[in-house]
Amino acid sequence: NPAEHTDYSGSLALRFQGFKDGGPAGRDFNQESALINIYAGHIGGSKFDFRLRGTPSREQIQTADGRSESRDNDRLYEATLSYEPPDARFTYQLGRLISGPLVGFDYLDGAVGEFHATRRFSLGAFYGSRSNGDQLEFGSPGRAYGGFMHWLDQGVGKPFYAEFLLEAIGDYLDGEANREYLSFYGRQGSGSRWSLYERAEFDLGHKWEDRPNANSSQLSNVLFSGSYSFSKAVRLGVSYDQSRQILTLDDRFTPEELFDNSLREGYRFTAYLGSAKTVRGNFSVGQRWKQGNPDRSLAYNANVYHSNVFNWNMLVGADYSGFDGDTSTGFRAGMRVQKYFRSGHDLEFTFGLSSTELTLTREVRENQWLRLSGTLQLGRRFYLLGELESATGDDLEGERLFLQLGYRL
């Protein structure tokens with residue numbers, strides 16, 4: 001019955017990766033894992049969707065004394081049941097929810113609901129417990145909840161869009177406030193011509209009896225970025241961010257003189273040049289600094305490539321990134337050649353090197369690596385990914401093997 005049909009997408013894969021340490025420590029590493037990424041839409045013809053993403057894995061590590069240790073490293077990133085039909089007055093999600101504009105944490109085990117008062121304006125709330133991807137069980141200690149106002153102006157075939165979200169969020173453990181704050185999220189744009197993105201967090205001051213001078217109300221995190229396309233071949237962008245560490249229950253007993261809540265700021269300029277039929281390049285430069293410290297860290301990078309050299313279905317590119325900070329300076333450079341074949345096969349060769357000089361001791365640490373990788377389409381939606389890397393240098397020496405057998409739903 002077509003009305004009871006479920007739309008499936010995603011992939012399933014088995015993965016092996018291992019590292020043979022060629023250095024004096026001899027710390028070999030092997031990992032066997034499965035990758036699960038499944039989306040089921042309109043389950044049984046209903047208006048419910050379900051998404052599952054996780055990675056069960058087993059790791060084997062060779063310790064410095066020659067012993068071998070095995071450990072499980074299972075992760076559940078998302079297990080979400082959603083009811084979000086376009087015309088519904090009330091929508092919601094249940095389960096392990098991954099971070100998004102409506103949830104202010106990396107992961108939340110709980111529920112989020114949204115009442116759509118008008119076509120553009122809605123009110124909502126969420127409740128649950130904070131969790132991590134490496135926690136398989138639900139019901140972590142502590143509670144987190146919040147409410148929000150949401151404005152979304154976005155239509156099919158309409159280039160302009162605008163979204164604003166204001167949230168009040170509380171995170172609690174054993175009845176004590178871990179963090180209470182206001183969160184603002186916004187994005188605006190018009191097709192591929194221009195875009196803006198804003199995010200800010202304002203912490204509400206809270207104190208503990210044993211630490212009356214803890215946090216005061218303050219603007220703790222701000223992020224702004226924007227880009228504009230002058231033509232199909234020229235796009236420029238700029239971003240600015242500032243952040244401050246907030247005292248939480250995990251570090252409330254850290255001595256005040258050791259807790260660093262200095263404001264950190266930074267900006268970055270980016271340029272995207274070229275088009276799909278010519279040489280393309282991405283260039284950026286940025287600085288970061290700490291409140292009360294005259295030293296500034298400079299970071300810059302460039303990426304230049306051509307995706308179809310001589311019409312041979314071959315990509316040739318090079319990248320370079322450098323940094324100059326108060327503790328070290330250095331660079332990382334690489335060259336990449338990738339050949340695309342019929343039926344989706346590809347083969348790629350990469351060469352890279354890096355160099356870092358420690359400012360205090362003038363010690364220079366250098367590394368080099370060669371990597372051969374590729375994709376083989378096996379038919380019937382099966383594929384095989386492979387990668388072999390050999391590294392030499394002061395920080396890492398040895399061979400790494402990566403294999404992944406996958407199936408696309």
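Tutor: Ala, Val, Leu, Ile, Met, Phe, Trp, Tyr, Cys and Pro count as nonpolar, Asp, Glu, Lys and Arg as charged, and the others, Gly among them, as polar. By that rule the lining of the largest cavity divides into three nonpolar, three polar and two charged residues. This is a predicted model, in which local features need pLDDT of at least 70 and side-chain atom pairs count only at pLDDT 80 or more, while totals for chains, interfaces and linings use all residues. Residues are numbered from 1 along each chain as its sequence is written, and side-chain values use heavy atoms, with hydrogens and water left out.

Student: Which residues line the largest cavity?

Tutor: The lining consists of Glu84, Thr91, Tyr92, Gln93, Leu102, Val112, Gly113 and Glu114. Glu84 and Glu114 are charged, because Glu is on the charged list. Gly113 counts as polar, because the rule puts Gly there.

Student: What makes a space a cavity, and what makes it a pocket?

Tutor: On a 1 Å grid over the protein atoms alone, a cavity is a set of points where a 1.4 Å probe fits but cannot get out; a pocket is an open set with protein on both sides within 12 Å along at least five of seven lines, and lining residues have an atom within 4 Å of a point. The structure holds one cavity of 30 Å³ or more. The largest cavity has a volume of about 40 Å³, where volume means the space filled by probe spheres set on the points, which are joined across faces, edges and corners.

Student: What is the volume of the largest pocket, and how many residues line it?

Tutor: The volume is about 690 Å³. The lining has 27 residues, with Thr91, Glu114, His116, His150 and Leu152 closest to the centre. Strand 7 (90-100), strand 8 (103-116) and strand 10 (143-154) each give two or more residues to this lining. Strand 7 gives the most, with six. By class, the lining of the largest pocket has 10 nonpolar, nine polar and eight charged residues.

Student: What makes a stretch of residues a strand?

Tutor: Strands are DSSP runs of E with at least two residues, helices are runs of H or I with at least four, and both are numbered from the N terminus. The chain comes to zero helices and 24 strands.

Student: Which residues lie nearest the centre of the second largest pocket?

Tutor: They are Arg130, Pro141, Asp171, Asn178 and Asp250, out of 16 lining residues. This pocket holds about 330 Å³ of space. Strand 11 (residues 160-173) gives the most to its lining, with three residues.

Student: Why is the pair of tyrosine 83 and tyrosine 92 called stacked?

Tutor: Rings of Phe, Tyr and Trp (its six-membered ring) pair if their centres lie within 6.5 Å; planes under 30 degrees apart count as stacked, over 60 as edge-to-face and the rest as tilted. The centres of tyrosine 83 and tyrosine 92 are 5.4 Å apart and the planes meet at 25°, so the pair is stacked. Phe48, Tyr83, Phe90 and Tyr92 form one aromatic cluster, and the whole structure has 15 aromatic pairs.

Student: Is tyrosine 92 buried, partly exposed or exposed?

Tutor: Buried means under 20% relative accessible area, exposed over 50%, and partly exposed in between (1.4 Å probe, protein chains only). Tyrosine 92 has 24% relative accessibility, so it counts as partly exposed. Of the 409 residues of the chain, 33% count as buried.

Student: How do you know that arginine 380 and arginine 381 are exposed?

Tutor: Arginine 380 has 77% relative accessibility and arginine 381 has 51%. Both values are over 50%, so both residues are exposed. Arginine 380 lies in the loop between strand 22 (364-379) and strand 23 (382-393), and arginine 381 lies in the loop between these strands too. Phi is positive in each, near 55° for arginine 380 and near 70° for arginine 381.

Student: Why is arginine 71 called partly exposed?

Tutor: Its relative accessible area is 46%, which lies between the two cut-offs, so arginine 71 is partly exposed. Arginine 71 lies in strand 5 (residues 68-72).

Student: What is arginine 71 in contact with?

Tutor: Contact means heavy atoms within 4.5 Å. Leaving aside neighbours within four places in sequence, arginine 71 is in contact with Ser57, Arg58, Glu59 and Ile61.
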